Amino acid sequence: MLYAIILFLVPVVRCLSLGHIMTTSMIPSDPVKFSFYTRFRDDILAGRKTITIRDAQEASTLQVGQILEVYTNPEDEWFCRLQITSIEPVTLAQLNAEHARQENMSLSELQQVIRDIYPHEPQLFVLHFVLC
């Protein structure tokens, strides 16, 4: 019986935070280099920023469970490892107060940042992540 329980627990959890559990069988094998503007580093490390909003080109290369090696932009300095816990489509009009809270900014700030970065993108994607 113990042998069956041990087999059930394998593969081992690689990343665990806030109730998000991903096993190694769910995680693509190679970490991906990913960047955030330097101004977001402290919020990510403190857990105040738990999502990022990206365009289809960037989001299409990522998967739930994937490990990201995170670097600052433009300095290209490594500062953490994240794991993607979910990916959801969103439009600028669908952004709400909860998205803003997860980005650690007001809704008007979030909408302006997204307009500045993705001025002509009708379809965007919310990537939820946890620190590893």
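Leaving aside its neighbours within four places in sequence, which residues is isoleucine 44 in contact with? In this predicted model, the residues in contact with isoleucine 44 beyond that window are Phe36, Lys49, Phe79, Cys80, Leu82, Phe129 and Leu131.

Isoleucine 44 also belongs to the largest nonpolar core, a set of 25 residues in which Phe36, Ile44 and Leu82 have the most contacts. At least two residues of this core come from each of β3 (32–37), β4 (51–55), β5, β6 (78–90), α5 (107–117) and β7 (124–131), and β6 gives the most, with five residues.

Among the strands that supply the core, β4 is mostly covered, since five of its five residues are buried. In a regular strand the side chains alternate between the two faces of the sheet. In β4 both faces are covered, with Ile51, Ile53 and Asp55 buried on one side and Thr52 and Arg54 buried on the other. The strand runs antiparallel to β7, to which five bridges join it, and within this pairing isoleucine 51 has histidine 128 of β7 as its bridge partner.

Strand β5 (residues 67–73) holds glutamate 69, which counts as buried because its relative accessible area of 12% falls under the 20% limit. The side chain of glutamate 69 makes a polar contact of 2.6 Å with the side chain of tryptophan 78. Apart from its neighbours within four places in sequence, glutamate 69 is in contact with Pro31, Val32, Lys33, Phe34, Trp78, Cys80 and Arg81.

The backbone has some features that call for a general remark: most residues other than glycine have a negative phi, and most peptide bonds are trans. The bond that joins asparagine 73 and proline 74 is a cis peptide bond, with omega about 20 degrees, and proline 74 lies in the loop between β5 and β6. That loop is also the place of aspartate 76, whose phi is positive although the residue is not glycine. A positive phi is likewise found at asparagine 104, again a residue other than glycine, in the loop between α4 (97–103) and α5.

| Residue | Phi | Relative accessible area |
|---|---|---|
| Aspartate 76 | near 60 degrees | 43% |
| Asparagine 104 | near 60 degrees | 36% |

Aspartate 76 is classed as partly exposed because its relative accessible area is 43%, a value between the limits of 20% and 50%. Asparagine 104, with a relative accessible area of 36%, is partly exposed.

Key:
Residues are numbered from 1 along each chain as its sequence is written. This is a predicted model: local features need pLDDT of at least 70, side-chain atom pairs count only at pLDDT 80 or more; totals for chains, interfaces and linings use all residues. Side-chain values use heavy atoms; hydrogens and water are left out. Helices (H or I, at least four residues) and strands (E, at least two) are DSSP runs, numbered from the N terminus. Buried means under 20% relative accessible area, exposed over 50%, partly exposed in between (1.4 Å probe, protein chains only). A polar contact is a pair of N or O atoms within 3.5 Å; within protein, one must be able to donate a hydrogen and the other to accept it, and residues adjacent in sequence count only if both atoms are side-chain atoms. Contact means heavy atoms within 4.5 Å. A nonpolar core is a set of buried Ala, Val, Leu, Ile, Met, Phe, Trp, Tyr and Cys residues joined through side-chain atoms within 4.5 Å. Two strands pair if DSSP finds at least two bridges between them.
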